[in-house]
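Visitor: Before we look at the coordinates together, I would like each label to be justified by the value behind it. Could you take me through the reasoning step by step?

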Amino acid sequence: MGSPIVLGIESSCDETGAGLVRDGRLLGHAVASSMAEHARFGGVVPEIASRAHLHALRPVLGQALAAAGLRLSEIGAVAVTTGPGLSGALQVGLAGAKGIAYALGVPLYGVHHLAGHVAADTLAHGPLPDPCVVLIVSGGHTSLLLVRDLARDPIRHLGDTLDDAAGECYDKVARVFGLPYPGGPAIDRTARTGDPRAVPFPRPLPGSYDFSFSGLKTAAARWAEGHTGRELPVADGAAALQEAVADVLSRKAVAACAEHGVGTLVVVGGVAANSRVRALTEERCRAAGIELRVPPPELCTDNGAMIAAVGDLLVRAGAEPAPLDVSIDPSAPLEYAALHPVTAPAVAV
């Protein structure tokens with residue numbers, strides 16, 4: 001009969017997502033974003049995000065089921081993001097997932113949000129090679145990982161962001177350049193008419209697999225300040241900034257593949273949708289004889305399909321479901337794909 005249909009629910013930030021996966025195949029998914037509500041604040045407001053999830057969760061679930069041609073009663077397992085993310089936002093998704101799992105009498109699995117991004121690629125390109133190097137680039141995370149069996153093995157970190165992630169750098173510099181939020185897509189659009197060699201922005205931490213984009217952000221701000229009283233060549237600044245970020249990300253990722261003898265690089269996360277990151281990484285992988293896998297743009301940003309993909313892997317691997325008192329961990333480190341934190345009991349004083 002095959003594996004059960006897994007429902008995945010994602011609510012870690014400003015997207016409410018639901019997806020349905022079975023045996024590695026995406027059956028249907030839907031996403032609602034509250035990004036427009038945050039735009040006037042220049043970033044995500046946690047309370048607004050939480051309220052948006054409350055309003056969106058049920059409609060999004062209905063849309064995902066309709067897209068898959070399924071009924072709620074056909075779901076055989078539920079997976080939900082339990083961290084990291086905004087506390088209130090995570091609580092909304094977990095409460096909804098628990099309600100569905102308990103009502104249907106099916107197992108519930110807690111999933112690490114970043115493992116979801118890794119698993120998103122399996123929905124487009126099939127099982128991950130063992131091993132593979134994964135570059136996660138999103139609004140809050142930039143990590144270089146060595147991944148074996150995602151459902152069973154620990155995830156090895158080769159490098160992580162030490163301060164601002166790539167997506168944060170884009171958002172903050174876009175604000176300085178007078179571009180709208182979110183900054184990543186705005187920078188990408190504006191850079192198309194600019195000269196990537198116009199500004200010699202720095203390439204941070206050249207001798208390490210760790211990432212640091214705070215200095216690049218500051219350099220871009222100082223460059224903009226230097227044009228006070230004159231017209232700011234925004235397109236050139238955006239193109240040069242994007243080139244610096246893409247150069248750092250692709251160079252380190254390809255070097256990690258070479259050092260560890262890995263023939264496949266997987267690039268995931270919201271910034272993986274950036275056109276220059278994709279193009280330069282593809283160019284360097286081709287030159288190095290490395291296979292590059294990048295999910296389609298709609299699976300790069302936060303979505304429920306990626307969480308369902310992890311749940312599907314966990315189910316097929318025979319992993320233990322989450323305990324009844326599973327909670328959230330807003331700052332959970334990425335160690336395993338499954339994330340089943342529980343609230344510590346209160347201590348009498």
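Guide: Let us start with a definition: accessible areas here come from the Shrake-Rupley method with a 1.4 Å probe. On that basis the chain, which is a predicted model, exposes about 14600 Å², and carbon and sulfur atoms supply 54% of that area.

Visitor: How do you know that the chain agrees with a compact globule?

Guide: The rule is 2.2 Å times the number of residues to the power 0.38; for 349 residues it gives a radius of gyration near 20 Å, and since the chain has 20 Å, the two agree. Along its principal axes the C-alpha trace spans about 65 × 50 × 45 Å, and the secondary structure comes to eleven helices and ten strands.

Visitor: What share of the residues in the chain is buried, and what share of the contacts joins residues at least 24 apart?

Guide: Buried residues make up 53% of the 349. As for the contacts between residues at least 6 apart in sequence, 72% of them join residues at least 24 apart.

Visitor: Why is the pair of Arg284 and Asp247 called a salt bridge?

Guide: The label requires a side-chain nitrogen of Lys or Arg within 4 Å of a carboxyl oxygen of Asp or Glu; the closest N and O atoms of Arg284 and Asp247 are 2.8 Å apart, so the pair qualifies. Arg284 lies in helix H9 (residues 275-288) and Asp247 in helix H8 (residues 234-260), so the bridge ties together parts that are 37 residues apart in sequence. A network of salt bridges with shared partners joins Arg203, Asp247, Arg251 and Arg284.

Visitor: What makes Asp247 buried but Arg284 partly exposed?

Guide: Buried means under 20% relative accessible area, and partly exposed covers the range from there up to 50%. Asp247, at 9%, therefore counts as buried, whereas Arg284, with 22%, is partly exposed.

Visitor: Which other pairs meet the salt-bridge rule, and how many are there in total?

Guide: The count comes to 14 salt bridges. Among them is the pair of Asp130 and Arg148, whose closest N and O atoms are 3.3 Å apart. This pair links distant parts of the chain, 18 residues apart: Asp130 is in the loop between helix H4 (113-125) and strand S6 (132-137), and Arg148 in the loop between strand S7 (142-147) and strand S8 (156-160). Both partners are partly exposed, Asp130 with a relative accessible area of 47% and Arg148 with 41%. Another salt bridge joins the side chains of Arg152 and Asp149 at 2.9 Å, N to O, and Asp149 is partly exposed at 24% relative accessibility.

Visitor: How far apart are the mean positions of the positive and negative charges?

Guide: The mean positions of the 27 positive and 35 negative charges are 3 Å apart.

Visitor: Why is Ala66 called exposed, and why is His227 called buried?

Guide: Ala66, in helix H2 (residues 46-68), has 59% relative accessibility, which is over the 50% cut-off, so the residue counts as exposed. Its C-alpha atom is separated by 20 Å from that of Ser11, 55 residues apart along the chain. His227, in the loop between helix H7 (214-225) and H8, stands at 13%, under the 20% cut-off, and therefore counts as buried. Leaving aside its neighbours within four places in sequence, His227 is in contact with Leu232 and Pro233.

Conventions. Residues numbered from 1 in each chain as written. Predicted model: local features only at pLDDT ≥ 70, side-chain atom pairs only at ≥ 80, totals over all residues. Heavy atoms only, no water. Helix = DSSP H or I, 4+ residues; strand = E, 2+ residues; numbered from the N terminus. Buried < 20%, exposed > 50% of the residue type's maximum accessible area, 1.4 Å probe, protein only. Contact = heavy atoms within 4.5 Å. Lys, Arg positive; Asp, Glu negative; His and termini not counted. Charge placed at Lys NZ, Arg CZ, Asp CG, Glu CD.
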